[in-house]
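Trainee: Could you take a close look at one part of this model with me? I'd like to hear about the aromatic rings and then whatever connects to them.

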Amino acid sequence: QVQLVESGGGLVQAGGSLRLSCVATGRAFSSYAMAWFRQTPWKERDIVAFISWSGDGTYYADSVRVRFTISRDNAKNSVYLQMNSLKPEDTAVYYCAQPLGPMGVMSVRSEKSYEYWGQGTQVTVSS
């Protein structure tokens, strides 16, 4: 049974930083890509960042490119999201996600491509 557990959310002032972590258990972590999504009450769940199983390939939403960095440590079964220069519009519940199997490049941005999800961690950025 795959389980994803996020941590690291919280309240931060605009311009500040947070680092989210997600620990995965239940199957060979290093074999699967990982992603971070975020959701607010008035929007669908949107892709934030993606990282390939090896870490060599990444993707970022335009709104976070340059400010956020996704990384992974396969030895620790963990994926991270370093968020810098946070803005109030970054306020959301952040979820880590893992696909069922190999993914095509065109599938990265769709939440339907991911089978397993964490419970989410709240990030609130005050102005």
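Mentor: Sure, let's start with the rings and then follow the strands outward. Keep in mind that this is a predicted model, so treat each number as something computed from it.

There are four aromatic pairs in the structure. Let's pick the one made by Tyr-95 and Trp-117: the ring centres are 6.5 Å apart, the planes make an angle of 80°, and the pair is edge-to-face. Now look at where the two residues sit. Tyr-95 is in strand β9, while Trp-117 belongs to strand β10 (residues 116-117), so this pair ties together parts that are 22 residues apart in sequence.

Trp-117 has another ring to deal with, that of Tyr-114. Here the centres are 6.2 Å apart and the planes stand at 65°, so this pair is edge-to-face too. Put Phe-37 into the picture and you get one aromatic cluster, formed by Phe-37, Tyr-95, Tyr-114 and Trp-117.

How well hidden are these rings? Tyr-114 has a relative accessibility of 4%, so it counts as buried. Tyr-95 comes to 13%, and because buried means under 20%, Tyr-95 counts as buried as well. Trp-117 is partly exposed, its relative accessible area being 24%.

Trp-117 also has a charged visitor: the charged end of Arg-45 sits over its ring, 4.4 Å from the centre. You'll find a similar arrangement at Tyr-32, where the charged end of Arg-27 sits over the ring at 3.5 Å from its centre.

Now go back to Tyr-95 and its strand, β9. That strand, residues 92-98, also holds Cys-96. Cys-96 is joined to Cys-22 by a disulfide, with an S to S distance of 2.0 Å. Cys-22 is in strand β3 (residues 18-25), 74 residues away from Cys-96, and the bond links distant parts of the chain. Both cysteines are buried. The torsion about their S-S bond is about 50°, so the disulfide is right-handed. The count for the structure is one disulfide.

The disulfide has brought us to β3, so let's see what that strand does. β3 belongs to an open sheet of four strands, in the order β1-β3-β8-β7 and with antiparallel pairing. At the edges stand β1 (3-7) and β7 (68-73); each has a single partner strand, so one side of each is left without a neighbour in the sheet. On average, neighbouring strands here are turned by 15° against each other, direction ignored. Between β3 and strand β8 (residues 78-83), which run antiparallel, there are six bridges. You can check one residue for yourself: Arg-19 has Gln-82 in β8 as its bridge partner.

One last stop is another tyrosine, Tyr-59, in strand β6 (residues 58-60). Tyr-59 is partly exposed, at 24% relative accessible area. Leaving out residues up to four places away in sequence, Tyr-59 touches Ile-47, Val-48, Ala-49, Phe-50, Arg-65, Val-108 and Arg-109. Take Val-48 from that list: Val-48 and Tyr-59 are 11 residues apart in sequence, and their C-alpha atoms are 8.3 Å apart in space.

So here's the route to trace on your screen: begin at the cluster of Phe-37, Tyr-95, Tyr-114 and Trp-117, go along β9 to Cys-96, and cross the disulfide to Cys-22.

Technical notes. Residues are numbered from 1 along each chain as its sequence is written. This is a predicted model: local features need pLDDT of at least 70, side-chain atom pairs count only at pLDDT 80 or more; totals for chains, interfaces and linings use all residues. Side-chain values use heavy atoms; hydrogens and water are left out. A disulfide is a pair of cysteine sulfur atoms within 2.5 Å. Helices (H or I, at least four residues) and strands (E, at least two) are DSSP runs, numbered from the N terminus. Buried means under 20% relative accessible area, exposed over 50%, partly exposed in between (1.4 Å probe, protein chains only). Two strands pair if DSSP finds at least two bridges between them. Axes are lines fitted to C-alpha atoms, for helices over the stretch in contact, and angles run from 0 to 180 degrees between N-to-C directions. Contact means heavy atoms within 4.5 Å. Rings of Phe, Tyr and Trp (its six-membered ring) pair if their centres lie within 6.5 Å; planes under 30 degrees apart count as stacked, over 60 as edge-to-face and the rest as tilted. A charge sits over a ring if NZ of Lys or CZ of Arg is within 6 Å of the ring centre and within 35 degrees of the ring normal.
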